[in-house]
Amino acid sequence: MTVGAGQSALEKSEAYWGLPSKVRYCRRCVFSNQRPLSTNEYLHTTQSRKDTLAFDDQGVCLACRQMDKVMNEIDWQAREKELIEFLDQYRSKDGSYDVLVPGSGGKDSAMAAHLLKYRYGMHPLTVTWAPHLYTDIGWKNFQNWIHQGGFDNYLFTPNGRVHRILTRLAVTNLFHPFQPFIVGQKSFPLKMAIKFNIKLIFYGEMPAQYGDAGSVNEKKFGGATASAGYQLAVADNRQLSLGGVSVEELKKSYGLSDMDLSVYLPLEPSKAQAFDGEFHYLGYYVKWIPQEAYYYAVENTGFQANPERSEGTYSKYNSLDDKIDGFHFWTTYVKYGIGRATYEASQEVRNRHITREEAVALVRRFDGEFPKRYFKEILDYLSLTEEEFFAVADRFRSPHLWKQDNDGWKLRHPIWDEDKEPA
Ligand SMILES: [Zn+2]
């Protein structure tokens, strides 16, 4: 098994990847200061964290402060007016595509495409980077989006043999099954926009709402060049890595070709400059509340929730299309102590749907629940045995987060014990 270059360094330190050694929780939501590495950070073989989820002097996280603006401060009527004036400059007169909407047909992309077409009179082309393994409900929602919603769509499915190799490496080297997927999915829309000569790319919800990047008051996602490949562009793709293995090494030791890798890698800046358009988030212009996106998608694009709740959380309508989704959240639980319920409950606190006490109870009950439903299929997909899988997982448990007793692994500082901790 090939191990990422960062591995030996990781095992020596108490808090892996430069995570803060003291676990702190936001006073408003249930997110901690152990923010997961970003996609950009994962593009380099040596992983280390560049910044932290900032807490202000009242102990409130950046994502909560951004959501305060969304909920209370922004004049949404003025923002919509701004949107209409902006779209007027791009709307095609002959019905040709004038905006590209990347998405899976989940609630957010379904609503984004639908609003742009039916409320704002645009002519969207939707593009989709396929999941590793479609769930039944994910495939149905994707089909409903196209058929009931009424959109043109290009579904791109990367070479399954290559994708399996990269995903397996991403699990064993990074414990991040989605890393190659995310890199490919983020650079894909720009490539399609250039191909179809579309000058506008619109996403739905803003990452800033989750404290990720930028601010909810920033409407444009970088400049044309900065946004090349969704902020992933670098001068030289050979510096990048997929699944924790450098591009050069993937060609040398794994028999992958430039062609195999090119669908994942961002465009080089010289080619990305062929795009003289803009990336925007509809969430900048329209108040974006996940639950409302869900109701909108149910009504307008035939979106369906799962009949049963997703493993690791209490909800039924977020991230449903890929059988690997549940594993992705379980890996963030292992690496950062932040599982699926933490993400969702934090967001619902910020939207004022639940209290912090309720969120803590949900996290205690569901976070880190092991995703059993597709486990066997995932192991087959990754060509790993169960023992191998759990051995990999244990390598990624940072000692400052986890302790092991007779019943197995326990978080040292779970949120429901936060008040018991010495200051
Ligand atoms: Zn918070």
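1. In this predicted model, F175 touches A170, W330, T331, V334, K335, F389, V392, A393 and F396, leaving aside residues up to four places away in sequence. A reader new to the structure may find F175 a convenient place to begin, since F175 and its partner F389 are both named again in the next point.

2. The largest nonpolar core of the model has 121 residues, and those with the most contacts inside this core are L87, F175, F202, L282 and F389. Helix α8, which covers residues 179–196, supplies the largest share of this core, namely seven residues. As background, nonpolar side chains tend to be buried together in soluble globular proteins.

3. Turning to the chain as a whole, the secondary structure comes to 18 helices and nine strands, and 57% of the 423 residues count as buried. Among contacts in the protein chain with a separation of 6 or more, 77% are accounted for by residues 24 or more positions apart.

4. The accessible surface of the protein chain comes to about 18200 Å², and carbon and sulfur atoms account for 49% of that surface.

5. A polar residue in a loop also deserves a look: N33 lies in the loop between α1 (7–12) and α2 (39–42), and the side chain of N33 reaches the backbone oxygen of K22 at 2.9 Å. Is N33 buried or exposed? With a relative accessible area of 7%, N33 is buried, because buried means under 20% relative accessible area.

Technical notes: Residues numbered from 1 in each chain as written. Predicted model: local features only at pLDDT ≥ 70, side-chain atom pairs only at ≥ 80, totals over all residues. Heavy atoms only, no water. Core = buried A, V, L, I, M, F, W, Y, C linked by side-chain atoms within 4.5 Å. Buried < 20%, exposed > 50% of the residue type's maximum accessible area, 1.4 Å probe, protein only. Helix = DSSP H or I, 4+ residues; strand = E, 2+ residues; numbered from the N terminus. Contact = heavy atoms within 4.5 Å. Areas by Shrake-Rupley, 256 points an atom, 1.4 Å probe, with all protein chains shown as cover. Polar contact = N/O pair within 3.5 Å; in protein donor to acceptor, adjacent residues only side chain to side chain.
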